[in-house]
Structure formats: structure tokens, C-alpha cells
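Here are some notes from going through the model you sent over. Have it open while you read, since the points go residue by residue in places.

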Amino acid sequence: MPELPEVETIARNLAKGDEQTPSVLGQKIVSSSIFWAKTVAEPDLLSFHSAIKNQSVLNVSRRGKFLIFDLDHAFLLIHLRMSGDLIMRYADMPLPLSKPLVPHDHVYLHFADNWHLAFNDTRKFGRVWLTPDPNHILSKLGPEPFDPKLTDVNFADKLRKHKRQLKPLLLDQSFIAGLGNIYTDEALFEAGLNPRRQSNSLSFDDSSRLLRAIRKVLQLGIEHNGASIDWAYKGGGFQNYFQVYQQTGNPCPRCGNPITRTVIGQRGTHFCERCQPLI
DNA sequence: CCTGAAACCTGTCTGC
DNA sequence: TGCAGACAGGTTTCAG
């Protein structure tokens, strides 16, 4: 489910808590459960269990689509990939657990007072890393879309350095971090650019418009707490504002032409052939 | 360097 | 109803 706005929403909600749920901040991890070994990318399971025990959660943040939990002596990185979700849950059960409490739960961080953070992931693509040096993973990422250091000039330069179709380039996390299939389609529509357009063919105005469009759709996504179009994530409302994503055959909100679906780089891609012509 | 295909997984929906 | 095939918000790896 998660792209930048969804991951941002999850990070904020975990930090905030609500009437019934405590914040994850300040929680001390008393033990951990792992039900699907491959979910833990690093270190090995024994080291993970022993290293994470007795550490407290000092902060939660996001970089690209990674969640970053600052612990006392390490960082816990979590990537939710396609179907991952994180849930603070209360369960008064004796530990250790031999089986997950809910189908598709793969990792628990057990806190004091019977609360735990559950990593639930139907498709098992998600991964967690416990490491003293998050940079060896995060440094591969391109700039944050909202980083003020990413200027129009800067972005135009980056686009010109590649000769790639816009859609797969924007999905490339080393080019820019945080965009996924929804927000890429929405941003290209907002900017009026064809998803197959070669990145080095854009005018300066085109690239400025694209950067503005990326920020606009991500901002809108964050304001609506992300998009919920699937079974796992129920928080967001951005799905009610899709202009082209999953709107195949529906009239383009700008010109009325039916929205087209095609496949580019193995990803379903939605756009308006009239508003986003391939020049 | 670029593109496309396959792999990692499970669940849902569509069409015959 | 049953079943094959397509498809799903992601990323990595490999071939051409």
C-alpha cells in the first residue's frame, strides 16, 4: 500500500497515538517475536532478538518509503513494500508467542504493559533492518521531494542526465525518493506529461511543472492521510481524489476524454492521451 | 546506460 | 461452480 504519504501518515500516527492507543515514543521493547524469518533483512534472527531487547523508541521518522525508528543504540528501518502495515495493539498473552495473533503478522515488538507493535504483511515483501548505521541503506535514495535543496534548476539537471521514460524514472527511488505507482500517475497527469516521454526531452518549464506537480499530489495525499484502496490500510481518503489512477475509461477531469490504461515498465499506468500527448 | 522480464508472495477479481 | 489468468500501492536481479 504505501508510498510517501501513506508512510508519512503511519509515522505520524505511531508517534501521536490516539484516545485508545499509546504513542510508540518512549516505549521500551521487552522482547520480540518473528514468525517469518525473511522479513528480517539484517542482522540474523538471534542477533536481532538480543540486540533489540531493552532498547527504547526515541523517535519515528520517514525517509522515502522507509520508516526509521531511532532506538537507544541502533536504528530500526522498516520498508512496507506492497502490503505491509504497522499496528499498535494490546494483547495480554504470555511470551514468547509461538504463533501470530492475526493472520499475516510477521514481527512483533513487545512493549511493557502488554502493548506490541505488529508488522503485518500479506505478501511478505516487506523488510526490517536493525542496524547501527542506517546510512548504508538510506544513502542509496534520491532526494526527498520536499527538500528545498531540490530546486527547479537542480531537478531539470537531474532529468537531463538520464534518457529514460518519465514513469519508470520517477519510480526509481535513487532518482527521487517516495513516489510509487499512484502518485507518479497523478503527478504526470497534473503536469500534463506523457509517462513515456523521454526525461531529457523536457523543457525547463516542463520540468518545473513536473516538480511542482509531484509536490502538489504528495501534499494532497498527506493532507488526506494517504490513500486506502486495499484491505490493509483504512486510514486515508486520497483515493477519493484520484484524477487518473484506477480511472480507466472514466472521463478525464480536464477534457472528458476516457482515461487510458497501459503497461510501462511492468506497471499499470493511467493517463489521458489528449492532455498528456507524447510529443 | 536503458528496457523488459522474472522473482519474491498472497489474495481478489474476471472471464470462460 | 470451478479454474486459469490477470492484477495488486515495491524492489532487486539478470539478460539483451
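The points below cover the domains, the DNA contacts and the cysteines.

1. One thing to keep in mind throughout: this is a predicted model. Every distance and area quoted here is computed from it.

2. Let's start with the overall layout. The domain assignment splits chain A into domain 1, residues 4-138, and domain 2, residues 152-271. Their C-alpha centres sit 30 Å apart. Domain 1 puts 13 residues into the contact and domain 2 puts in 15 residues.

3. How much area do domain 1 and domain 2 bury between them? It comes to about 1,200 Å², and 64% of that is on carbon and sulfur atoms.

4. On to the DNA. Strand B has 13 residues around it, and the closest are Lys 38, His 104, Arg 123, Lys 124 and Gln 266. By class, the surface near the strand is made up of six polar, five charged and two nonpolar residues.

5. Which part of DNA strand B faces the protein within 4 Å? Of the strand's atoms within that distance, 60% are sugar or phosphate, with bases making up the rest.

6. Three phosphate contacts are worth a look. For Lys 38, a polar side-chain atom is 2.4 Å from a phosphate oxygen of DNA strand B. His 104 also uses its side chain, with an N or O atom 3.0 Å from a phosphate oxygen of the strand. With Lys 163 it is a polar backbone atom that comes in, at 2.9 Å from a phosphate oxygen of DNA strand B.

7. Last, the cysteines. Searching the whole structure turns up zero disulfides. Cys 255 is in no disulfide, and its nearest cysteine sulfur is that of Cys 272, 3.6 Å away. Cys 272 is likewise in no disulfide, with the sulfur of Cys 255 as its nearest. The cut-off for a disulfide is 2.5 Å between the sulfurs, so at 3.6 Å this pair does not count as one.

8. Are these two cysteines buried or exposed? Cys 255 is partly exposed, at 27% relative accessible area, whereas Cys 272 is buried, at 0%.

Methods:
Residues are numbered from 1 along each chain as its sequence is written. Chains are lettered from A and ligands numbered from 1 in the order in which they are written. This is a predicted model: local features need pLDDT of at least 70, side-chain atom pairs count only at pLDDT 80 or more; totals for chains, interfaces and linings use all residues. Side-chain values use heavy atoms; hydrogens and water are left out. A residue is near a molecule or strand if one of its heavy atoms lies within 4 Å of it. A polar contact is a pair of N or O atoms within 3.5 Å; within protein, one must be able to donate a hydrogen and the other to accept it, and residues adjacent in sequence count only if both atoms are side-chain atoms. Ala, Val, Leu, Ile, Met, Phe, Trp, Tyr, Cys and Pro count as nonpolar, Asp, Glu, Lys and Arg as charged, and the others, Gly among them, as polar. Buried means under 20% relative accessible area, exposed over 50%, partly exposed in between (1.4 Å probe, protein chains only). Domain bounds come from an automatic or database domain assignment. Contact means heavy atoms within 4.5 Å. Buried area is the accessible area (1.4 Å probe) that two parts lose on being put together, summed over both.
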